[in-house]
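User: I'm new to this structure and would love a close look at one part of it. Could you walk me through the part I ask about below, and then show me how the surroundings fit together?

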Amino acid sequence: METMVSKTSVLLLISYFLLVLPSYPQSIRDTLRKCICNDTILHFPNDPSFEPILEYTISNLRLVNHSNPKPLAIITPLNYSHVQTSVVCAKKIGVQVRVRSGGHDYEGMSYTSTYCVPFLLVDLVNLTSVIVDVETEKKTAWVQGGATNGQLYYWIDSKTQDYGFPGGICPSVGLTGLITGGGVGYLTRKYGLAADNVIDALIVDVKGQLLNREKMGEDIFWAIRGGGAASFGVIVAWKLQLVPIPRIVTCFNASRSLEQGAITLIEKSQLACSIINENLRMRIEISTKNQDTKVTFSSVFLGKADELLNTLEKSIPELKLTKGEYKEMSWIESVMYFYYPPGEPKEALRDRKPIPSFKSHFKYKSDFVVTPLTNDVIKQLWRKSLENENFHLVMFSHGGKVNRIHENETPFPFRKGILYDIEYMMEWKEDDLETAKKHIFWVRRVYKYMAKYVLQNPRGAYSNFRDFDLGINDIYGGTYEEAARTWGVKYFNNNLQRLAIVKGKVDPENFFALEQTVPPLILLPEIGREKVTSATAAT
């Protein structure tokens, strides 16, 4: 209690100074300069570098809002010691730390705040080194915390065309954010989550210490692979297990209309896609353009075209791909296939070249499905898509290895029995508050409609599709019980309590406290049993 009161008082005092005393930001600047001792990595609001760095990797333009709180300063570390110093300095000043690797956080938790509480942004944009080792028996890669999916894939391909990594499908997504939420992609059914293929990591903890797996201990190592590393420290590097891939893969992208039996195709594909050949993970999207709703089936198949066609004929014979709907290519070409225009060199991945027309205003929500949707429910979703051309519904199949791993192996709990996840995507171009409210209200209605057709007790959500509608901590970090009642169990289910206990051990004063970071659960010997029982009841 004394710790919380003390922290509350400090934060209120800082907020008061920021609002009332114009000289206080200058004192923050002076203190940071003395503490960090490197002007090249410090960027303050009045510096010409500040806004370009802040907005460079933001994908959700809804969050580029002049009224949103911005960081007191941006720190762009050049090495691990800069990250360590940043944490120590933030504690010394008494401000929060927010860490950004890729900028795809759907609610902007990594670079803005819903609280009027001062914070520093540690942007890992300079820590992008990838060291690939395919000479030894165990094919691995050490990847720094600011690298993207695309950068990792590029450097793997530069060393070998026989191995890859089961990361995310979008090249510009930060690898650290992906792994710390679990990490799904086209190779998930074959090799499991990105988090399932992590061997080691380097984390800067609340004390500013740089720890590897051995030094951090298995509890923290478990927690950061799907439990949201922002709760526990700053990840500066990962050691990843590479996986075999064929020299030739096959991409396909096939759209079907209502007249072509789209609804029946969706209905029949739900179960088939979760038990189909593990070399295939299907993506099914319902969307509307020019008042014409279609369903699009797409994926990257780990094999040649004739193998793909044979697989589909056995499992989803109604799909019947035509010659122009599939194409053989290398794995690195498949990484670019759905995001870059034809002919774009693979160096675009290395250089983090912006994906054309990728940035937009959007709101995401998510679900997990264990029982196939009926024909009537699919028809309702089809009608809802026809009502709003800004709406996209995506179904991404599970099954395979991701379902065979026990739900407690990592914090990501959505394993056995999950057929697929659903993404509800609402995107728009207009930059005004009323338009945003209208579209967000609409996607919430669809989400509410789906409540009785998806995973329940609790209703699940994918933590990498960050959704503040599910609830947020209070301004000073909240309690475990509060998180369990709102957002926590939806992301982590029965793994939430273990995450909170780990948090209580490594960050008991809750320094790393953001809108949806796991609050500490501290088990004192004399009340430990009672506390656990009470906490379990809350979930």
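Is Pro-413 buried or exposed?

Analyst: Happy to help! Please keep in mind that this is a predicted model. Pro-413 is buried, because its relative accessible area is 6%, and under 20% counts as buried.

Let's start with its place in the chain. Pro-413 sits in the loop between α15 (401–404) and β18. Setting aside neighbours within four places in sequence, Pro-413 is in contact with Glu-407, Tyr-491, Phe-492, Asn-493 and Asn-495. For a sense of distance, take Gly-150: its C-alpha atom is 26 Å from that of Pro-413, and the two residues are 263 apart along the chain.

The loop of Pro-413 leads us to β18, which covers residues 420–428. Eight of the nine residues of β18 are buried, so this strand is largely enclosed by the rest of the structure. Strand β18 belongs to an open sheet of seven strands, in the order β15-β12-β14-β13-β17-β18-β16, with antiparallel pairing. At the edges are β15 (326–329) and β16 (361–369), each of which pairs on one side only. From one strand to the next, the twist averages 15°.

Within that sheet, β18 pairs with β16 through nine bridges, and the two run antiparallel. Here Asp-367 stands opposite Ile-422 in β18. Strand β17 is joined to β18 by seven bridges, again antiparallel, and His-392 has Met-425 in β18 as its bridge partner. Moving one step further along the sheet, β13 (residues 283–289) and β17 (residues 391–397) run antiparallel and are joined by five bridges. Ile-284 stands opposite Met-395 in β17. As a general point, side chains in a regular strand alternate between the two faces of the sheet.

Now for the helices that lie across this sheet. Helix α16 (residues 433–449) lies across β16, β17 and β18, running at about 160° to β18. Helix α14 (residues 375–387) packs with α16 at an angle of about 175°, with the axes 12 Å apart. That makes the two helices, α14 and α16, roughly antiparallel. At their meeting place, Val-377, Gln-380, Leu-381, Lys-384 and Glu-387 of α14 meet Trp-442, Val-446 and Tyr-449 of α16. A helix has 3.6 residues a turn, so residues three or four places apart point the same way.

Towards the β15 edge, helix α11 (residues 305–315) lies across β12 (249–257), β14 (292–301) and β15, running at about 140° to β15. Phe-301 is a good residue to look at here, as it lies in strand β14. Phe-301 counts as buried, because its relative accessibility is 0%. Leaving out neighbours within four places in sequence, Phe-301 is in contact with Val-249, Thr-250, Asn-277, Asn-279, Leu-280, Glu-307, Leu-308 and Thr-311. The C-alpha atoms of Phe-301 and Glu-328 are separated by 9.3 Å, although these residues are 27 apart along the chain.

Next, the interior. The largest nonpolar core has 115 residues, and those with the most contacts inside it are Leu-152, Ile-224, Met-282 and Tyr-424. Apart from it lies another core, of 29 residues, including Ile-28, Cys-35, Ala-73 and Val-204. Beyond its neighbours within four places in sequence, Met-282 has contacts that include Phe-252, Leu-312, Met-395 and Phe-396.

Leu-152 is one of the buried residues of α5, as are Gly-150 and Tyr-153. Eight of the 11 residues of α5 are buried, so this helix is largely enclosed by the rest of the structure. Just before it, Thr-148 lies in the loop between β6 (140–144) and α5 (149–159). Thr-148 is buried too, with a relative accessible area of 2%. Not counting residues up to four places away in sequence, Thr-148 touches Pro-171, Ser-172, Val-173, Gly-174, Leu-175 and Arg-352.

Finally, a word on confidence. The mean pLDDT of the protein chain is 91, and 92% of its residues reach 70 or more. Over residues 1–24, however, the pLDDT is below 50, and this stretch has 26 contacts in the model beyond near neighbours in sequence. The pLDDT is also below 50 over residues 526–539, a stretch with 19 such contacts.

Key:
Residues are numbered from 1 along each chain as its sequence is written. This is a predicted model: local features need pLDDT of at least 70, side-chain atom pairs count only at pLDDT 80 or more; totals for chains, interfaces and linings use all residues. Side-chain values use heavy atoms; hydrogens and water are left out. A nonpolar core is a set of buried Ala, Val, Leu, Ile, Met, Phe, Trp, Tyr and Cys residues joined through side-chain atoms within 4.5 Å. Buried means under 20% relative accessible area, exposed over 50%, partly exposed in between (1.4 Å probe, protein chains only). Contact means heavy atoms within 4.5 Å. pLDDT is the predictor's confidence in each residue, from 0 to 100. Two strands pair if DSSP finds at least two bridges between them. Helices (H or I, at least four residues) and strands (E, at least two) are DSSP runs, numbered from the N terminus. Axes are lines fitted to C-alpha atoms, for helices over the stretch in contact, and angles run from 0 to 180 degrees between N-to-C directions. Angles under 35 degrees count as roughly parallel, over 145 as roughly antiparallel, 65 to 115 as roughly perpendicular and the rest as oblique.
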